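This briefing sets out the main features of the chain shown below. The points are grouped by topic for reference at the bench.

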Amino acid sequence: MFMTGRGRPAAPLETALARGSEGAQERAAHAPPRVEGVPNPPAWFTPDALTCWIRMCDLLFARGQLTRESETSLIALCVCYSDWVELVQDIQINGRTTVTYTQGGGAKDVVRPEVTVFSDTDRRLRGWLTEFGLTDATRGKVGGTPSAPTGGDDPLAAYGLQ
């Protein structure tokens, strides 16, 4: 049975090899090579998601972590970030609570549903950032090699930024 959220997430193969982790050599013998290249963002991205995409691709490329295999995870990260920004803005405008009235006519403050959704989105965003080692606490837990500039080829030029 496949279960998620249990135990420590697996370290990237390069990290496991560098640490001499048990079973890393066996994993390496069966692992396919990374597919180099810059993944493309979906056309349906919101402006916030596209901004996140460009920022993350730039960061991951500089670390030597950007591969085409990252595409689905990057999409999830950027969509989650876009939702997070939308919810932050909504909470800033409308507040965290709203007034409701009881059957007896009394008023009471209750937490708005958007605050609950924000809490879940914040947790998921932190999970995606952790997956890529993009927090101070998880930066050393992922593998990567710094990418040297390659003859003027900028992987983000396709997005209109240099």
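**Overall architecture**

From the N terminus on, the elements of the chain follow the order α-α-α-α-β-β-α. The secondary structure thus comprises five helices and two strands. The model is a predicted one.

- Of the 162 residues in the chain, 25% count as buried.
- The chain has an accessible surface of about 11100 Å², and carbon and sulfur atoms make up 54% of that surface.
- Among contacts in the chain with a separation of 6 or more, 64% are between residues 24 or more positions apart.

**Helix H3**

- Helix H3 covers residues 47-63 and has 17 residues. At 1.5 Å a residue, H3 should span 24 Å, and its end C-alpha atoms are 24 Å apart, so the expected and modelled spans agree.
- The buried residues in H3 are Ala 49, Cys 52, Trp 53, Ile 54, Met 56, Cys 57 and Leu 60.
- These buried residues of H3 pack against helix H4, which covers residues 71-94.
- Just after H3, Gly 64 adopts a positive phi of about 80 degrees.

**The loop between H3 and H4**

- Ser 70 is located in the loop between H3 and H4.
- Is Ser 70 buried or exposed? Its relative accessible area is 9%, and Ser 70 is therefore buried, since buried means under 20%.
- Apart from neighbours within four places in sequence, Ser 70 contacts Gln 65 and Phe 132.

**Cysteines**

- How many disulfides does a search of the whole structure find? The search finds zero disulfides.
- Cys 52 is in no disulfide, and the nearest cysteine sulfur, that of Cys 78, is 3.6 Å away. A pair of cysteine sulfur atoms has to be within 2.5 Å to count as a disulfide.
- Cys 57 is likewise in no disulfide; for this residue the nearest cysteine sulfur, again that of Cys 78, is 7.1 Å away.
- Cys 52 counts as buried because its relative accessibility is 3%.
- Cys 57, at 0% relative accessibility, also counts as buried.

**Packing of H4 and H5**

- The axes of H4 and H5 come within 9 Å and cross at roughly 145 degrees.
- This crossing of H4 and H5 is left-handed.
- On the H4 side, the residues that meet H5 include Ser 73, Ala 76, Leu 77, Cys 80, Tyr 81 and Trp 84. Further along H4, Leu 87, Val 88 and Ile 91 are also among the residues that meet H5.
- On the H5 side, the residues that meet H4 include Val 115, Val 117, Phe 118, Leu 125, Trp 128 and Leu 129.
- Charged side chains also take part: Asp 83 and Asp 90 are among the H4 residues, and Glu 114, Asp 122 and Arg 124 are among those of H5.

**The segment after H5**

- Arg 139 is found in the segment after helix H5, which covers residues 113-131.
- With a relative accessible area of 46%, Arg 139 is partly exposed.
- Leaving out residues up to four places away in sequence, Arg 139 touches Arg 63 and Gly 133.
- Arg 139 and Leu 129 are 10 residues apart in sequence, and their C-alpha atoms are 9.7 Å apart in space. Leu 129 is also one of the H5 residues that meet H4.

How values were computed
Residues numbered from 1 in each chain as written. Predicted model: local features only at pLDDT ≥ 70, side-chain atom pairs only at ≥ 80, totals over all residues. Heavy atoms only, no water. Helix = DSSP H or I, 4+ residues; strand = E, 2+ residues; numbered from the N terminus. Buried < 20%, exposed > 50% of the residue type's maximum accessible area, 1.4 Å probe, protein only. Contact = heavy atoms within 4.5 Å. Areas by Shrake-Rupley, 256 points an atom, 1.4 Å probe, with all protein chains shown as cover. Expected span 1.5 Å × (residues − 1). Axes fitted to C-alpha atoms, helices over the stretch in contact; angles between N-to-C directions. Left-handed = near helix turned anticlockwise from the far one by under 90°.
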